[in-house]
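User: I'm new to this one and would like to know how the labels people put on it are earned. Could you take me through a few?

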Amino acid sequence: MADVARLAGVSHQTVSRVINAPDGVRPEVRQRVEQAIKELRYQPNAAARALARQRTMNLGVVSIGTSQYGPATTLFGIAEAAREAGYATSLVSLAVIDRQHMKTALEHLVADSVAGIIVLAPVATAVTAVHGLSPDVPLVLFEPGVHDGVTSVAVDETLGARLATRHLLELGHDTVWHVSGPEGWLGTDARIRGWRAELAAARRVAHEVIAGDWSADSGYRVGQRIARDPEITAVFTANDQMALGLLLALREHGRAVNEISVVGFDDIPESAFYQPPLTTVRLDFTEVGHRCVDRLLELIRGEAPAPKPPVQPELVVRGSTAPPAN
């Protein structure tokens, strides 16, 4: 730091301010210091910074359901944003979700002196487990299908389901059937709500939900049933993996796109390469991870974050949807 200060023509205290609170330094001075840091390839000592701040440059993450695309991609976004902000991440993954296991996970991270904690809570039991617990550090929740709050980040999954359903109705289908995710997932409930709301707004019949379990295998098994029902012409599946299995079952039964249209959800990278390419709803889970980190860092700095609109979904139209056959 002393070498950087000499090269930039400033005090070492100014160098410290540029590293830790750059907004409080005049732009021309900050530019000189940053250029000196770059020339000297100076790397701030994380342990020393943690000692000075009386906390580590480490964020804790409690994750549930990371075998699924949404939570896994959100976790990647958290790690990416944390790294860009100069923080490492410590992960605790929970297989059993109850209050005691959540309490133990939070206590473990606090004992590691993390600066704050993010809880990925895609299931209702995780939200219930964390409510009422008060770790000694700021905490942010990711809760799919709810509104953003001061300590929570959300995706508007209800709107995503409405977009999927509306697309099929606008193609001319009389109604839309829904293959849902498993019970207990917040995303399952949000997508059912959106599907029902759009059908109600269009005064169309909402048939009984067909439950899946997020897997392509469950989509395939549901597809065997759907393929044999001539009344079904449009299906909205709660994720792209179930849509994959469903499309295979339809193809095996000789059902073409103009006989049964299919819309997925999430826009996983492989969905553009399905046969046919899958119309789906894109959710930017990487952005969710970034927002979680941004919200947590605001709380760590003692700021009062303002609630923001939830991350917005986007309909991606490909080849798996078409007007119904005459």
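User: What makes S1 and strand S3 (residues 116–120) a pair?

Analyst: This is a predicted model, and in it S1 and S3 are joined by four bridges in the parallel sense. Pairing takes at least two bridges, so S1 and S3 qualify. One of the contacts in that pairing sets Gly60 with Ile117 of S3 as its bridge partner.

User: How do you know that S1 pairs with strand S2 (residues 88–93)?

Analyst: Same test: the cut-off is at least two bridges, and S1 and S2 have six, running parallel. Asn58 sits opposite Ala88 of S2. Add helix H5 (residues 69–84), and S1, H5 and S2 form a right-handed β-α-β unit.

User: Why is S1 (residues 58–63) called mostly covered?

Analyst: Buried means under 20% relative accessible area, and six of the six residues in S1 are buried. That goes for both faces: Asn58, Gly60 and Val62 point one way, while Leu59, Val61 and Ser63 point the other.

User: How do you know that the span of helix H11 (residues 240–252) agrees with what's expected?

Analyst: H11 has 13 residues, so at 1.5 Å a residue it should span 18 Å; the end C-alpha atoms are 19 Å apart, which agrees. Right after H11 comes Gly254, with a positive phi near 70°.

User: Which parts do the buried residues of H11 pack against?

Analyst: Among them are helix H10 (216–227) and strand S8 (234–237). The buried residues of H11 include Met242, Leu246 and Leu250.

Notes. Residues are numbered from 1 along each chain as its sequence is written. This is a predicted model: local features need pLDDT of at least 70, side-chain atom pairs count only at pLDDT 80 or more; totals for chains, interfaces and linings use all residues. Side-chain values use heavy atoms; hydrogens and water are left out. The expected span of a helix is 1.5 Å times one less than its number of residues. Buried means under 20% relative accessible area, exposed over 50%, partly exposed in between (1.4 Å probe, protein chains only). Contact means heavy atoms within 4.5 Å. A crossover is right-handed if, with the strands pointing away from the viewer, the path from the first strand over the helix to the second runs clockwise.
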